[in-house]
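Me: I'd like a close look at one part of this protein, the strands and how they pair. Could you walk me through that part slowly, and then show me what lies around it?

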Amino acid sequence: MTTEDAMPCYNCGARQTDPVRGASPWKRGVRAESQVLICPDCQRHDLDLDTCETCGSSALICRLGEVECRSCGSVRQGRSGDPLVPEVPPGLSAEVEAALNRVLGRA
């Protein structure tokens, strides 16, 4: 994944780059029931992420209309929209189209 293709940090807009070795220092989180990425610099700030209703952890992942806590394993249905269709962040379709155009060599 290159800098142009990566999903940006939801807080500052920085783009993720490939780590030299090992695990990425970027973290996942959920905010307003949407999956977000958080860059290493922004992880130091209070980011107002969603928390688990069971244990209070902010280690959440969002998938197919569900929110799962990675700390306690609690799973709940998302509160908004169709539970089988995740919400698409604004601007994502334009980013996907641009990435496809680059990969497929379209002008």
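Which residue in β5 is the bridge partner of glutamate 68?

Reply: Happy to help. A word on the source comes before the strands. This is a predicted model, in which local features need pLDDT of at least 70 and side-chain atom pairs count only at pLDDT 80 or more, while totals for chains, interfaces and linings use all residues. Residues are numbered from 1 along each chain as its sequence is written, and side-chain values use heavy atoms, with hydrogens and water left out.

The partner of glutamate 68 is valine 75 in β5. Glutamate 68 belongs to strand β4 (residues 66-69), which is joined to β5 by 3 bridges in the antiparallel sense. Strands here are DSSP runs of E with at least two residues, and helices are runs of H or I with at least four, both numbered from the N terminus. Two strands count as paired if DSSP finds at least two bridges between them. Glutamate 66 also has a place in this pairing, opposite glutamine 77 in β5. The hairpin of β4 and β5 has 5 residues between the strands, and glycine 73 takes a positive phi near 85° there.

Now for the other side of β4. There, 4 bridges join β3 to β4, and these two strands are antiparallel as well. Cysteine 62 has valine 67 in β4 as its bridge partner. β3 and β4 form a hairpin with 2 residues between them, and leucine 64 in its turn has a positive phi of about 45°.

Put together, the 3 strands make an open antiparallel sheet in the order β3-β4-β5. The edges are β3 (60-63) and β5 (75-77), each of which pairs on one side only. On average, neighbouring strands of this sheet are turned by 20° against each other, direction ignored; the axes behind such angles are lines fitted to C-alpha atoms, for helices over the stretch in contact, and angles run from 0 to 180 degrees between N-to-C directions.

Earlier in the chain there is another pair to look at. Strand β1 (residues 27-31) and strand β2 (residues 34-38) are antiparallel and share 5 bridges, with lysine 27 standing opposite isoleucine 38 in β2. They form a hairpin with 2 residues between them. Alanine 32 lies in this loop and has a positive phi of about 55° although it is not a glycine. Glutamate 33 is in the loop between β1 and β2 too, and its phi is positive at about 60°, again without being a glycine. Their accessibilities are worth a look: alanine 32 counts as exposed because its relative accessibility is 59%, whereas glutamate 33 counts as buried because its value is 15%. For these words, buried means under 20% relative accessible area, exposed over 50%, and partly exposed in between (1.4 Å probe, protein chains only).

Finally, the nonpolar cores, meaning sets of buried Ala, Val, Leu, Ile, Met, Phe, Trp, Tyr and Cys residues joined through side-chain atoms within 4.5 Å. The largest has 8 residues: Cys9, Trp26, Val36, Leu37, Ile38, Cys39, Cys42 and Leu47. A second, separate core has 5 residues, including Val30, Cys52, Leu60 and Cys69. Back in the largest core, which includes Cys42, cysteine 42 is in contact with Cys9, Asn11, Cys12 and Leu47, leaving aside neighbours within four places in sequence; contact means heavy atoms within 4.5 Å.
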